Amino acid sequence: MTLRFIATTPLYYVNAAPHMGSAYPTLAVDALTRYYRLQGAEVSMITGGDEHGEKIATTAEKRGLQPQQHCDELVAEFEQLWQALHIHYDRFIRTTDSRHAQIVKEFFARVWAKGDIYKAAYSGLYCIDCEEFKDPKDLVGDNLCAIHGKPVVLRQEENYFFALSKYQQALETYFAEHPDFVQPATRCNEVLGWVKDGLRDFSISRAHVQWGIPLPIDPAQTVYVWFDALLGYMTALLEPEDEATLAHVLARGWPADVHVIGKDILRFHAVYWPAMLLSADLPLPKKVFGHGFLTTKDGRKMGKSTGNVLNPYALLERYGLDAVRYYFLRGIEFGKDGDFSEERFVQTVNADLANDLGNLLNRTLGLLTKNCDNIIPEQAIATDHPLRVFTMTQVATVARAYEDLDFAGACEGTIAIAQLGNRYFNDQAPWSLFKKGERAEAEVVLYSVLELVRLCAILLAPVTPDLSERIYQQLGFAPASYQQLMWQDTAWGGLPAGQTPRPAEPVFLRLEEPS
């Protein structure tokens, strides 16, 4: 039976152009789903745009545009960046899609029928950027949002509320029975703390916001953006021929295996969303992973509202796709905040890709050309050969790292193979073995090192697919061979004897240090 794997990025709020903070979790989900494709899974990578709400309408008005026109332009920018980063997504859902509105209405009807929605007057402190009422204890300074650093405003209106408090015990039980539901552990502890403090009902409609889906039972109000957007993960699973119903969503594979989201929207995904699904009698996602922020040197979150964003196009133009994809998954531990340093970026990428991996391939192919007519020698590498033993152990380690969303660990585990290959190559000195006439021994070194590099290419394929393809082609494989790769190709001995590699040339050029 084919494994089904569904992973989602956040649905990005399209109030401004995407930046590296948007690209970061998208790269992570792309790497995760590429790994599962190698495993033979039927994969759905879901991404998209969250397009309703007050902030969108306000931003559009400032630009002199209608909200839909504003959203269309910004969505195109997200799609363009995903293309530039070689993001292999399967679905791009837009919450302005008419089929999505149908899913929201059906979901609302289920929760309404359950008796979990009621109307009440409310007064509270509201952050427009978060689209969320804030508890005073969560504010900083003079009533400032802790995330955006902007003043909250007092809002008083009559709204419809979701009875979140009704699901206090159900959520406590669920978290106890599913301790890995929220990851990493630090995020799980946050969620457990919020639940322990007591859940409070939250407003799921807005009386003064027109840009949204009209509330089915009161069209004068619109559905709260979070009660709307979270359902986009479901809508995205529909096939074009499907009628927009929750029954079809379930038939297409719901629930998702993992939601990858920023820690600033953890409460919505790990508390509100599970309770909403319980109310609607629908399955919960299997995992919510809250990643950390990309931060500046002063530790501040990079974000559109603070204006301190990192331009991905500038990085791509200066350093190239492989370097950008590799560093942001290797250089920052996924799940923790990480400062961006251009110096560290260059040093990390040069050390791992140019030196440890690329130079090893280049040196070995150079000797192969000089001493073996550039033909892969016939060699049977013993099962207890140290390179083979270590590499096979690392293959399992790297697989576990990908499945745990430990992308830095997957990269480190792969580069450890290349580092051992370099030490082995230097210790064995095959150039000397050839000079001494010990040809068989020298060919063992060349074959085992080239096979090791081939395996590194597969292990890195989820992170740097273009680099991996260049390595495969340089080893003499046809492009179709790389495109049909599976994780099972990490078995030792996949480099055919008699194959003719391409002439040695760097597969990854060293990056210039920033001036």
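**Loops, helices and overall build of a predicted chain**

P179 sits out in the open and counts as exposed, with a relative accessible area of 53%. For this and what follows, exposed means over 50% relative accessible area, buried under 20%, and partly exposed in between, using a 1.4 Å probe and protein chains only. The structure is a predicted model, so local features need pLDDT of at least 70 and side-chain atom pairs count only at pLDDT 80 or more, while totals for chains, interfaces and linings use all residues. Residues are numbered from 1 along each chain as its sequence is written, and side-chain values use heavy atoms, with hydrogens and water left out.

P179 belongs to the loop between α5 (168–177) and β9 (182–183); helices (H or I, at least four residues) and strands (E, at least two) are DSSP runs numbered from the N terminus. The C-alpha atoms of P179 and V29 are 22 Å apart, with the two positions 150 residues apart along the chain. On the other side of β9, the loop leading to α6 (185–196) holds P184, and the peptide bond from Q183 to P184 is cis, with omega near -5 degrees. A cis bond also joins W254 to P255, here with omega near 20 degrees; P255 lies in the loop between α9 and β14 (258–262).

As for the chain as a whole, its secondary structure comes to 19 helices and 17 strands. The radius of gyration is 26 Å, which agrees with the value near 24 Å for a compact globule of 515 residues; it is taken over C-alpha atoms, and the globule rule is 2.2 Å times the number of residues to the power 0.38. Along the principal axes, the C-alpha atoms fill a box of roughly 90 × 55 × 40 Å. Of the 515 residues, 58% are buried. Contacts (heavy atoms within 4.5 Å) are largely between residues distant in sequence: 77% of those with a separation of 6 or more link residues 24 or more positions apart.

Helix α1 (residues 20–38) has 19 residues and spans 26 Å from first C-alpha to last, close to the 27 Å expected at 1.5 Å a residue, where the expected span is 1.5 Å times one less than the number of residues. Most of α1 is covered, with 18 of its 19 residues buried. After α1 comes G40, with a positive phi near 90 degrees.

Another helix, α12 (residues 321–330), contains Y326, which is buried at 0% relative accessibility. Beyond its neighbours within four places in sequence, Y326 touches G331, T348, V349, D352, L353, C411, I415, L460, V463 and T464. The C-alpha atoms of Y326 and A408 are 9.1 Å apart, though 82 residues separate them along the chain.

Loop residues can be tucked away too. D242, in the loop between α8 (232–235) and α9 (246–251), is buried at 8% relative accessible area. Setting aside neighbours within four places in sequence, its contacts are R99, H248 and R252.

Two non-glycine residues have positive phi values: D373, near 55 degrees, and L405, near 60 degrees. D373 is in the loop between α13 (342–372) and α14 (386–403), and L405 in the loop between α14 and α15 (407–428). D373 is exposed, at 66% relative accessible area, whereas L405 is buried, at 3%.
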